[in-house]
Amino acid sequence: MMRSNRFYLFLIFAVGFTSLIYEIYATRVAFLFIIETSKALTIGISAFLAGLAVSSYFIAKKYGSPASAIKIIFWLQVGIAFWSLIILRRYDILNEVLDTISTLITNEFIVAISTSAILWFYLFIPALFLGGAFPLINGLYLNNKDSGIEDTGIVYFWDTSGAVLGAFAAGFLLIPYLGFENTSIITSAMSLMIANRITPIKILKTGTATIILLLFGILIINNQNRFLSDNLNFNARFGAILFQETSPFGEVTVGKVSADDKTLFINYRDMCGTDSNVSEKSIGSIVANQLELGARVANIGLGCGFTAGYIAKNNNAEILDIIEINPVVAKAANLEFAEHNGDVLNLPKTRLHIADGFQFIKTADKIYDAIIVDVEEYSVVYSSPLYTRDFFEIAGKKLHPGGILALWTYNSRDEQVQKIILNTLREVFPFIAIRKIAGFYLFFASDEKMNIHPENQEESLMIKKILDNSLAEINTVDNRVIEKYYDLQSMIAKFPGDYPEKYLIK
């Protein structure tokens with residue numbers, strides 16, 4: 001069946017569009033398992049280009065007649081759709097495979113090579129399905145054309161335009177707002193729509209149309225029941241749900257866990273609660289005690305508002321800038337925790353900024369007396385830059401002489417992560433104080449001595465372990481060594497399959 005040239009341009013645009021959604025999707029998975037950015041990018045880009053090259057080379061040889069080219073394009077689209085549904089979206093399988101390798105093999109170099117090879121193959125396969133479409137569609141378009149070079153450029157333009165828009169759709173819309181599961185289903189349905197559109201065979205049209213309808217049915221069911229089925233055991237931790245709303249960074253829930261405990265969750269992980277806020281209140285009160293009259297304070301990470309509340313209670317704090325990246329967390333804190341945080345968001349001295357903490361401090365035209373970082377911890381991509389030398393240098397420049405940078409840090413299983421944070425702070429600040437309160441480490445850094453000391457022998461011994469550790473590494477934006485010592489995989493395994501996409505890789 002003869003088709004118009006406009007049809008072939010639309011076809012290459014659609015293939016390019018879906019191709020980059022698959023690629024962004026798969027590369028994000030690679031970032032989950034290889035935190036170091038340059039390695040993840042290298043694996044992602046090289047696998048994608050290799051898949052395109054190999055597929056283009058071998059499939060171009062199979063061009064034959066226009067009818068055979070259409071058949072090949074059809075099966076390529078069907079193949080990538082099913083690969084996405086069966087393999088790509090099941091990144092939890094990757095977690096199991098990589099965990100098995102790390103258990104069976106003790107040599108770190110071999111484990112690293114094996115991990116990279118598996119991820120490379122994981123990314124190579126979808127590109128293999130996608131790469132052959134360009135030479136085939138280009139050949140179909142040129143069938144009725146005289147100018148090969150010019151018209152190949154036109155085909156390439158539409159292919160690349162689709163790819164650009166697909167990348168933006170994946171990175172800014174689909175994955176952030178719909179998650180991996182829904183993105184996989186939608187993109188697979190799009191590939192099957194392309195296949196359905198080009199096949200002249202009635203039974204294949206009917207088959208692909210049926211599968212598309214089934215996929216959208218699954219999509220609807222998934223979104224209606226996202227807190228049911230496999231997640232029932234995890235939802236039990238919410239208790240009576242008082243607040244629940246989807247945010248750009250996952251589902252925000254406030255639950256009445258017990259009679260005395262109201263807790264805020266992002267997806268399935270508790271962030272803060274009325275029954276477990278000693279460390280948050282402590283970092284707020286310790287900083288507040290160091291302030292002088294007229295102080296300006298920046299608090300990165302609102303959470304339930306306990307830290308900010310303790311700062312605001314101090315009469316020396318004149319202005320409190322609260323920087324919270326998640327607007328739904330701010331909404332939940334205001335609705336559900338105002339009575340517990342002193343109604344901090346509605347005080348005259350308080351300014352709430354919905355912004356990324358790193359960027360806010362970097363571009364701030366104000367100088368502060370204290371900057372407090374009270375966010376989840378270093379495994380979260382949008383939080384991890386706050387624990388780097390790059391941020392500490394920026395923060396140091398935005399502090400008055402004698403100003404304090406305070407960090408709330410997650411309680412890792414050993415002192416290695418804490419020693420890296422200490423090393424990194426020492427790169428910028430001459431004076432560092434450490435406290436361990438309620439199981440969490442609090443760091444305080446300044447260009448002047450501070451009156452902050454451990455309160456008992458047990459706390460002193462825990463801090464001494466950090467000080468005595470011989471680890472010399474520092475954490476930077478382009479070399480986040482903390483993740484080498486943080487057991488990310490075991491943490492992921494404790495949560496439902498959609499946890500990494502919603503919580504860790506935004």
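## Thr 263 and its surroundings

The side chain of Thr 263 makes a polar contact with the side chain of Asp 261, at 3.1 Å. This comes from a predicted model. Thr 263 lies in strand S3, which covers residues 261–266.

Is Thr 263 buried or exposed? Its relative accessible area is 5%. Buried means under 20%, so Thr 263 counts as buried. Leaving out residues up to four places away in sequence, Thr 263 touches Thr 253, Val 254, Gly 255 and Val 257. It also touches Asp 270, Cys 272, Gly 273 and Phe 337.

## The open sheet

Now to the strands. Seven of them form an open sheet, and the pairing is mixed. The order is S7-S6-S5-S8-S9-S11-S10. Strand S7 (350–354) and S10 are the edge strands, and each pairs on one side only. From one strand to the next, the twist averages 15°.

Look at one edge. Strand S6 (residues 317–324) and S7 run parallel and are joined by 5 bridges. Ile 323 has His 353 in S7 as its bridge partner.

## Helix H15 on the sheet

H15 packs on this sheet. The helix touches S9, S10 and S11. Its direction makes about 10° with that of S11.

How many of the 11 residues of helix H15 (residues 416–426) are buried? The count is 9, so the helix is largely enclosed by the rest of the structure. The buried residues are Val 417, Gln 418, Lys 419, Ile 420, Ile 421, Leu 422, Asn 423, Thr 424 and Leu 425. Their cover includes three strands: S9 (399–409), S10 (431–437) and S11 (440–446). Helices H14 (389–397), H16 (457–468) and H17 (482–485) are also part of that cover.

## Two nonpolar cores

The largest nonpolar core has 37 residues. Which of them touch the most other members? They are Tyr 8, Leu 11, Ile 73, Ile 137 and Ile 198. Helices H1 (5–33), H3 (66–88), H6 (133–142), H7 (148–198) and H8 (202–224) each supply at least two residues of this core. H7 gives the largest share, 11 residues.

Take Leu 11 as an example. Setting aside its neighbours within four places in sequence, Leu 11 is in contact with Ile 73, Ile 137, Ile 194 and Ile 198.

A second core is separate and has 35 residues. Among them are Ile 323, Ile 420, Leu 425 and Leu 471. Ile 323 appeared above as the bridge partner of His 353. Ile 420 and Leu 425 are among the buried residues of H15.

Key: Residues numbered from 1 in each chain as written. Predicted model: local features only at pLDDT ≥ 70, side-chain atom pairs only at ≥ 80, totals over all residues. Heavy atoms only, no water. Buried < 20%, exposed > 50% of the residue type's maximum accessible area, 1.4 Å probe, protein only. Helix = DSSP H or I, 4+ residues; strand = E, 2+ residues; numbered from the N terminus. Contact = heavy atoms within 4.5 Å. Core = buried A, V, L, I, M, F, W, Y, C linked by side-chain atoms within 4.5 Å. Pairing = 2+ DSSP bridges. Axes fitted to C-alpha atoms, helices over the stretch in contact; angles between N-to-C directions. Polar contact = N/O pair within 3.5 Å; in protein donor to acceptor, adjacent residues only side chain to side chain.
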